[in-house]
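Please walk me through this model in a viewer. Tell me what to select at each stop and what is there.

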Amino acid sequence: MSDQLKKYLSEDRSVRIESVDMHQTWQAAQAHHSYPPSVAALLGELVAASTLLAATLKFDGSLLLQLQGDGAIALMVVECRADMSIRATVKMRDRPLPIQRDIQSLLNPGGTAKFIVVLDPPKNTPGRQAYQGIVPLEGDSIAEALEQYMLRSEQLETRIWLAADAERCTGFLLQRLPLQGGNQQAEVLSADETWQRTQRLAETLTQKEMLEITQDTLLHRLFWEETLLAFDARPITWQCSCTRERVADMLKMLGHAEVQDILETQGKIEVACEFCGQPYLFDGVDSAMLFQPLAPGPGKSIH
Ligand SMILES: [Zn+2]
């Protein structure tokens, strides 16, 4: 079965419910990397979180979640685009992992780590400007950090459960939706009640269950007594935007002398995409082609 994000609303439409389960996408994210298990688990949680959050937004650009650390992990970043394609990577510092492998020990031993949310509008948007929210990295988990961010920046009460291992990454979200104006008191009370009840049900979730049980079984177990309004499931895919041309452009920017230098010492140039880890190889001939002066074409004359 392909990776999916499922969306629901409570019967009174006051609570948003989302569930995500990824296998292939998560395998692709790890394909060319060998992250230590504790680092992979954190990345998996961030990957799941990015899809849950992106699905709550009415936005057709990219959502980026970034953890900037001052510990063994320097940077962890996930991009989720409007079509639910994602890419993700981790940059580690060259130092041993701490004894404790929790989020604060891995990312925030110096207390300066940041959690950054970027909403990047589509490339062709006039006056395109990214929105960026930065908060200190607080809490004992990615879920907690995100819950605090959503409350502080979006004024939305949100509860998030995340779990990841080498095989799967999964997540679950509850979000209280703002009531439209002019509500009867009874309606407000009922929305309060739904929010408390759905949270109580979901609070029984354990990470073990989330990794062992299928998405549908899990939802059924939690909400079998509830009437949920279901929306179309969204397929999730891994998609890196790297190409050989982009790597070639990067080498051109390095300059002929630098590239020649690497060739002389290593015999070839091997560049791996920082996101998917896909290796790109340039030998002496490839590199010489990069720096061939092109014959000026029409409209390309330089004055
Ligand atoms: Zn790539």
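Select the zinc ion and its protein donors (N, O and S atoms within 2.8 Å of the metal, or 3.2 Å for Na, K and Ca; water is not among the atoms, so sites may look incomplete). They are the SG atoms of Cys-240, Cys-242, Cys-273 and Cys-276, 2.2 to 2.3 Å from the ion. The arrangement is tetrahedral because the angles between the four donor atoms run from 103 to 115°, and the class requires all angles to lie between 85 and 135 degrees. Along the sequence the donor residues follow C-x1-C-x30-C-x2-C. Cys-240 and Cys-242 are buried (under 20% relative accessible area, 1.4 Å probe, protein chains only).

This is a predicted model, with local features needing pLDDT of at least 70 and side-chain atom pairs pLDDT 80 or more, while totals for chains, interfaces and linings use all residues. Residues are numbered from 1 along each chain as its sequence is written, and side-chain values use heavy atoms, without hydrogens and water.

Next, select the lining of the largest cavity (points on a 1 Å grid over the protein atoms alone where a 1.4 Å probe fits but cannot get out; lining residues have an atom within 4 Å of a point). Its volume, the space filled by probe spheres set on the points, is about 70 Å³. β2 (15-22), β9 (169-176) and α7 (215-223) each give at least two lining residues; among the lining residues are Asp-21, Arg-168 and Phe-172.

Finally, select Leu-53, Leu-57, Leu-63, Val-117, Leu-119, Tyr-149, Met-150 and Glu-154, which line the second largest cavity, of about 50 Å³. α4 supplies the largest share of that lining, three residues.

Technical notes:
Tetrahedral: all angles 85-135°; square planar, octahedral: opposite > 155°, others 65-115°. Buried < 20%, exposed > 50% of the residue type's maximum accessible area, 1.4 Å probe, protein only. 1 Å grid on protein atoms, 1.4 Å probe; cavity = no way out; pocket = protein on both sides within 12 Å on 5 of 7 lines; lining within 4 Å. Helix = DSSP H or I, 4+ residues; strand = E, 2+ residues; numbered from the N terminus.
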